[in-house]
Amino acid sequence: MLRYIARRLVASLPVLFAVSLVVFILMQKAGGGPLTQLKLNPRIRPEDIERLKHQLGLDLPLWVQYLRWLKNFVIGNWGEGFATHQPVTRMIAERLPNTVTLVGLAFLLSLLIAVPLGVYSAIRQYSTFDYIATGLSFFGYSMPIFFFGLLMQLIFAYYLTLWTGLKIFYTTGFTSVGGGGFIDRVQHLTLPVLTLGIANIASWSRYQRASMLDVIHSDYLRTARAKGLPTRVVIFKHALRNALIPVVTVVALDMSTLVGGAVVTETIFAIPGMGRLIYQAIGERDYPVVMAGIMVVSLAVVFFNLVADILYAFLDPRIRYE
Amino acid sequence: MREDWQAEARSEEERAWLEPTARVKPLTQWDLFWRRFRRHRAALVGLGILTAIVLAAVLAPYFTPDPSRVDLGAIYLPPSRAHLLGTDSIGRDYFARLVWGGRVSLRIGIFVALLIAAMGTTVGAVSGYYGGRLDDVLMRFVDLMLSIPLLPVLLVAGAAWGSTMVSMTLILSFFLWAPLARVVRGTFLSLREKEFVEAAKAAGASDARIIFRHILPNTVGPIVVNATLYAGLAIILESTLSFLGFGIQPPTPTWGTLLADAKDVMFSKPWMLYPPGFAIVITVLCINFVGDGLRDALDPTQVHLKV
């Protein structure tokens, strides 16, 4: 198993390499850059801009710039943000916990809603409940996450306050200015977590339903029923445990979707996290921050893909990795 | 002369036996498909609504006012006879912008679907049919494409290139073809071992003939279903990028840019948020229903949609 993990880690290096190369090239194509603003300023001499360009290494050929970035990235020298002049590592370290909290909570919420929903839909296949759940899940994954976020803000922050006079949920930030207690956190996080979770609730509950249906129609379940076990035992002990296996893999693979969705959610709800950092850095053409941010996200995606494979092997004894 | 004699000579029963068979029309593949598709109510309704949306988009120049005509004397007007959905921040007709935005979104959805079908099928077919070293290399590349964090990379790509409809279509296709290639490869892998392929080979058919005449028609189901579902995803992604400012640039109306504008005034003029937002939701919902209907009618294997 350890050898398999090691091999997979080595195999994921090309992915990280390719992502970095693609993003690097794209950022160059995007134009703009840290010097554009300075160029527009008539009080700055062209010589100074040339000097700055040289200082930042922007006058070197593209491949030299890339190799330089790669070397520095590998040895942990992630540079400074063009806009803030803060070390990129510190900018990321400050924002990562917020994103981890947001994504983690959205993940838990999705799982806690999707699994029971899917199981119940499968047990009561073609019931009214099943039809409603199916319809809602179609809605869920036809819904762009940003529009759902805006709707949540409008309904639960604007209209709710308008009609009841209560200010229950907040639509910006992670906590109130100056921090706040647990309740304050809940008030801030409920809407973004729901927003981020909705797409996964929709797709995971469908997946759970399908996998549960597969198991329910299997022979060993008929045996369990035939030997007179109570339905509760059949469903939870025999069916659910097996039906969860494929779901676990999908859930782990969809972590990349959650991380991507965090970009949108954090932007809409003004949460100072990794996603918003990347979003702003792209807008400002802040290459060091964009590169480092996307690499961290890619690492997370690669990691969760690996977790998916390992969990699959661990849960299903029929699968063994050499 | 002779035929008349033969017809005369037929007995009464003989004629009765011949007549009805002559009148029955044989069912074509299309008839069979339509019979199965028709059973999926939601897909039928979805197809109907989608047809209406597409028609509105196609006919937009004939029934909407100019979507980019600025009228600073008539900003943020409420809905009226003259402006069905009111006007926006610089007095442009909001209904016209909604419909014209649909032209962009729908075209992107359709062309992305066609492009990823072409790319995914080509790579998947070659990989699955020839196998071996080529398959290893291509599938390694597909794995790589699948492990890219889609949205962050799309944002960068959008910032670099995504400002026009054509470039946006190309970018989305480039990042979305891989799952389809994998599905097609899987089908090719299993079909190439089938007896009918062996028979074709024994009869001396060339590789191209086997791929195009014998295997490809059997993979149409998964290809059409996947391409349809990814058309919906493409519409969502395009609107997301345009909404965040890294996609199609204003003043071109798209559902994403309309939402970006509406967001700025969403707490004072919330009604501006609904039309473009629900246009996306309804369009994508219909596409997903149609895709589901197509799957029931064409292909029983499940697809897991990733957004």
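## How two helices of chain B meet

Are α4(B) and α14(B) oblique or roughly parallel to each other? This is a predicted model, and in it helix α4 (residues 41–58) of chain B packs against helix α14 (residues 274–298) of chain B at an angle of about 135 degrees. Angles over 145 degrees would count as roughly antiparallel and those from 65 to 115 as roughly perpendicular, so α4(B) and α14(B) are oblique to each other. Their axes lie 8 Å apart, and the crossing of α4(B) and α14(B) is left-handed.

If you would like to find this contact on your screen, start with the α4(B) side, made by A42(B), A43(B), G46(B), L47(B), I49(B), L50(B) and I53(B). From α14(B) come I282(B), T283(B), C286(B), I287(B), F289(B), V290(B), D292(B) and G293(B). Sorted by class, the contact of α4(B) with α14(B) has 11 nonpolar residues, three polar ones and one charged one.

## Chain B as a whole

Stepping back to the full chain, chain B holds 14 helices and zero strands. Of the 307 residues in chain B, 43% are buried.

What share of the contacts in chain B between residues at least 6 apart in sequence joins residues at least 24 apart? The figure is 71%.

## Where chain A touches chain B

Now for the two chains together: 45 residues from chain A and 40 residues from chain B take part in their contact. On the chain A side, the helices that each supply at least two residues are α1 (2–29), α6 (128–142), α7 (145–164), α8 (182–216), α11 (255–268), α12 (274–284) and α13 (287–315).

Which helix gives the largest share of the side of chain A that touches chain B? That is α1(A), with nine residues. By class, this side of chain A has 34 nonpolar, nine polar and two charged residues.

## The largest nonpolar core

The largest nonpolar core has 150 residues. Those with the most contacts inside the core are V290(A), L155(B) and V156(B), so named residues from both chains appear here. Helix α12 (residues 207–244) of chain B gives the most to this core, with 16 residues.

L155(B) is a good place to zoom in. Leaving aside residues up to four places away in sequence, L155(B) touches V263(A), Y279(A) and I282(A) from chain A, along with L241(B), L244(B) and F246(B) from chain B.

How values were computed
Residues numbered from 1 in each chain as written. Chains lettered and ligands numbered in written order. Predicted model: local features only at pLDDT ≥ 70, side-chain atom pairs only at ≥ 80, totals over all residues. Axes fitted to C-alpha atoms, helices over the stretch in contact; angles between N-to-C directions. Helix = DSSP H or I, 4+ residues; strand = E, 2+ residues; numbered from the N terminus. Parallel < 35°, antiparallel > 145°, perpendicular 65-115°, else oblique. Left-handed = near helix turned anticlockwise from the far one by under 90°. Contact = placed C-beta atoms within 7 Å. Nonpolar A, V, L, I, M, F, W, Y, C, P; charged D, E, K, R; others polar. Buried ≥ 20, exposed ≤ 12 C-beta atoms within 10 Å, placed from the backbone. Core = buried A, V, L, I, M, F, W, Y, C linked by C-beta atoms within 7 Å.
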